[in-house]
Amino acid sequence: MEWEDPEHRKAERAMGTSDVGVLWLDAVTRDGVTITVNAAARTAVTDPEAHASYPGAPGAAVLAAVEAEIRAQVGRRDLSRLSRGVDLRRCSGDGTLRWGVEVTLVTLTPVKGRRRKDLIRWAERLAS
């Protein structure tokens, strides 16, 4: 029989799934447009040791993982695919798992494109 540390078990249960909201996050689409998104994500700490070793305040690893996953998902899509919002299920990538956090759901709320040079270039390419 293996010996289990009861404190470790408590920590695992305490670090179940959580929902994280992110507001006003800048991300770049596959076609090079910088946009600002609002998103919600469901997360789970799958490796408490890696999670605890992430530098910064408690919860910093979760926020970093969510932001990285949102940027990765936006970066895989063109602006036209993101204009109505996106619901992405089971979208976790290697970067999020590296910090001991799995991002299992990301919902992007309506995306607002900024009026920057890259947005103008995108519109010009679309028109031509």
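This is a short walk through the strands, the core and one helix of a predicted model.

Hi everyone, and thanks for having me. Let me start with how far we can trust what is on the screen. The mean pLDDT of the protein is 76, and 72% of its residues reach 70 or more. Over residues 1-13, though, the pLDDT is below 50, and beyond near neighbours in sequence that stretch has three contacts in the model. Where pLDDT is low, the predicted coordinates should not be read in detail. I'll leave that part alone, then.

Now to the strands. Please find strand 2, residues 34-45. How does strand 1 run relative to strand 2, parallel or antiparallel? Antiparallel, with ten bridges joining the two. Together they form a hairpin with five residues between them, and in the turn G32 has a positive phi of about 85 degrees. Strand 2 also pairs with strand 4, again in the antiparallel sense, over seven bridges.

A nice residue to click on here is A39 in strand 2. V22 stands opposite A39, and A39 also stands opposite L108 in strand 4. Strand 2 is mostly covered, too: ten of its twelve residues are buried.

One for the polar-contact fans: T36, which sits in strand 2. Is T36 buried or exposed? With a relative accessible area of 6%, T36 counts as buried, because the cut-off is under 20%. Its side chain makes a polar contact with the side chain of D26, at 2.9 Å.

On to the core. In soluble globular proteins, nonpolar side chains tend to be buried together. In our model, the largest nonpolar core has 26 residues, and those with the most contacts inside it are I35, V37, V66, I70, V74 and L108. Which elements supply at least two residues each? Those are strand 1, strand 2, helix 3, helix 4 and strand 4. The largest share, seven residues, comes from helix 3.

So helix 3 deserves a look of its own. It has 16 residues and reaches 22 Å from its first C-alpha to its last, close to the 22 Å expected at 1.5 Å a residue. Its buried residues include V66, I70 and V74, three that I just named among those with the most contacts in the core. E69 and Q73 are also on the buried list for helix 3.

To recap, then: strand 2 pairs with strand 1 and with strand 4, and helix 3 gives the core its largest share of residues. Thanks, and I'm happy to rotate the model for anyone who wants another look!

Conventions
Residues numbered from 1 in each chain as written. Predicted model: local features only at pLDDT ≥ 70, side-chain atom pairs only at ≥ 80, totals over all residues. Heavy atoms only, no water. Core = buried A, V, L, I, M, F, W, Y, C linked by side-chain atoms within 4.5 Å. Buried < 20%, exposed > 50% of the residue type's maximum accessible area, 1.4 Å probe, protein only. Helix = DSSP H or I, 4+ residues; strand = E, 2+ residues; numbered from the N terminus. Polar contact = N/O pair within 3.5 Å; in protein donor to acceptor, adjacent residues only side chain to side chain. Pairing = 2+ DSSP bridges. Expected span 1.5 Å × (residues − 1). pLDDT = per-residue confidence, 0-100. Contact = heavy atoms within 4.5 Å.
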